[in-house]
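Reader: I would like to learn how to read a structure such as this one, feature by feature. Could we begin with a single residue and the company that surrounds it?

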Amino acid sequence: MIDLHTHTILSDGELIPSELVRRAHVAGYTAIAITDHVDHSNIDRVLEGVVAVAGVLNRCWDITVIPGVEITHVPIEVFADLVRYAREKGARMVVGHGESPVEPVIPGTNAAAISAGVDILAHPGKITLEDAQAASDKGVMLEITARKGHSGTNAYVLEIARSVGAGLVLNTDTHAPGDLLTIELRDAILKGIGCDDTVTREILCNSEELVRKART
């Protein structure tokens, strides 16, 4: 299994990065991205810690650990600048905190994140057809999420993404140990929103491709 959107105590998660990765490894994960919430106030500190621990764990354990960030609730005018800065500082997975219906995300964030070239637009529940088309054109993946609340728009995200050929990934948005998935629960989530075997495989392959890209 692969999860490209998780959080630790470096933002609002419950576990230090090493414990999160250890639990994921034991659960059968082959790759995990640590993508703590950042804005201008903490991006340097978060990336310094995540890049350092990813380097150690990748040398010692048989699981790919990808250092990343989730750019969260920042002004849309500076979103692209922060994406570029994150990559310069070592982020190998940049997630944009999308316009979920359960948080007061700034309108226009979905479009700004896609235009900035994030790797994944997280829980983009208010995404428009126009923004989904832009994501398809730029190769930005739209997220199907296991996170309670955010997951309420999964079926809509699937439908709009499929209508324009946008890529999809499934992530947990893990904040606590119990948020990690089993293979059975992962497959049930996808089946529950209408994914057949072909679509499920496409989604899993998209995550594999992002991992390959992050390794290069």
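Author: In this predicted model, His7 touches Asp12, Gly13, Leu20, Thr35, Asp36, His37, Glu70, Asp173, Thr174 and His175, once residues up to four places away in sequence are set aside. The place of His7 is in the loop between S1 and helix H1 (17-26).

Reader: Is His7 buried or exposed?

Author: The general idea is to compare the relative accessible area with a cut-off, and a residue is called buried when the value is under 20%. His7 has a relative accessible area of 1%, and therefore counts as buried.

Reader: Which side chains make polar contacts with the side chain of His7?

Author: One polar contact, of 3.1 Å, joins the side chains of His7 and His5, and another, of 3.0 Å, joins the side chain of His7 to that of Asp173.

Reader: How should I read the sheet, and in what order do its strands stand?

Author: For a sheet, one follows the pairing from strand to strand. Here seven strands form an open sheet with parallel pairing, in the order S1-S2-S3-S4-S5-S6-S7. Strand S1 (2-3) and strand S7 (168-171) each have a single partner strand and stand at the edges, so one side of each is left without a neighbour in the sheet. Within the sheet, strand S2 (residues 31-38) and strand S3 (residues 64-71) run parallel and are joined by eight bridges, and Ile32 stands opposite Val65 in S3.

Reader: Val65 has come up in the sheet; what does Asn58 touch, leaving out residues up to four places away in sequence?

Author: Asn58, which lies in helix H2 (residues 43-60), touches Ile63, Thr64 and Val65 on that count. The side chain of Asn58 reaches the backbone nitrogen of Val65 at 2.8 Å. With 36% relative accessibility, Asn58 counts as partly exposed.

Reader: How do I read a helix that has a buried side, and which residues of helix H7 (residues 183-192) are buried?

Author: The approach is to look down the axis and ask where the buried residues point. In H7 they are Arg186, Ile189 and Leu190, and because they cover an arc of only 95° around the axis, they are on the same side of H7. Glu184, Lys191 and Gly192 are exposed on the other side of H7. The cover over the buried residues of H7 includes strand S6 (141-145), S7 and helix H8 (197-215). Just after H7, Gly194 takes a positive phi of about 105°.

Reader: What would I find on applying that reading to helix H5 (residues 129-138)?

Author: The buried residues of H5 are Asp131, Ala132 and Ala135, and they fall within an arc of 100° when seen down the axis, so they line one face of the helix. The face turned away from this buried side carries the exposed residues Leu129, Glu130 and Asp137. Among what covers the buried residues of H5 are helix H4 (109-116), S6 and helix H6 (154-164). H5 is followed by Gly139, whose phi is positive, near 75°.

Reader: Finally, which residues in the largest nonpolar core touch the most other members?

Author: In soluble globular proteins, nonpolar side chains tend to be buried together. The largest nonpolar core here has 55 residues, of which Ile71, Phe79 and Leu142 touch the most other members, and H2 gives the most to this core, with seven residues. A second, separate core of 14 residues includes Ile66, Met93, Ile120 and Val169.

Terms used: Residues are numbered from 1 along each chain as its sequence is written. This is a predicted model: local features need pLDDT of at least 70, side-chain atom pairs count only at pLDDT 80 or more; totals for chains, interfaces and linings use all residues. Side-chain values use heavy atoms; hydrogens and water are left out. Two strands pair if DSSP finds at least two bridges between them. Helices (H or I, at least four residues) and strands (E, at least two) are DSSP runs, numbered from the N terminus. Buried means under 20% relative accessible area, exposed over 50%, partly exposed in between (1.4 Å probe, protein chains only). The arc is that of the directions from the helix axis to the C-beta atoms. Contact means heavy atoms within 4.5 Å. A polar contact is a pair of N or O atoms within 3.5 Å; within protein, one must be able to donate a hydrogen and the other to accept it, and residues adjacent in sequence count only if both atoms are side-chain atoms. A nonpolar core is a set of buried Ala, Val, Leu, Ile, Met, Phe, Trp, Tyr and Cys residues joined through side-chain atoms within 4.5 Å.
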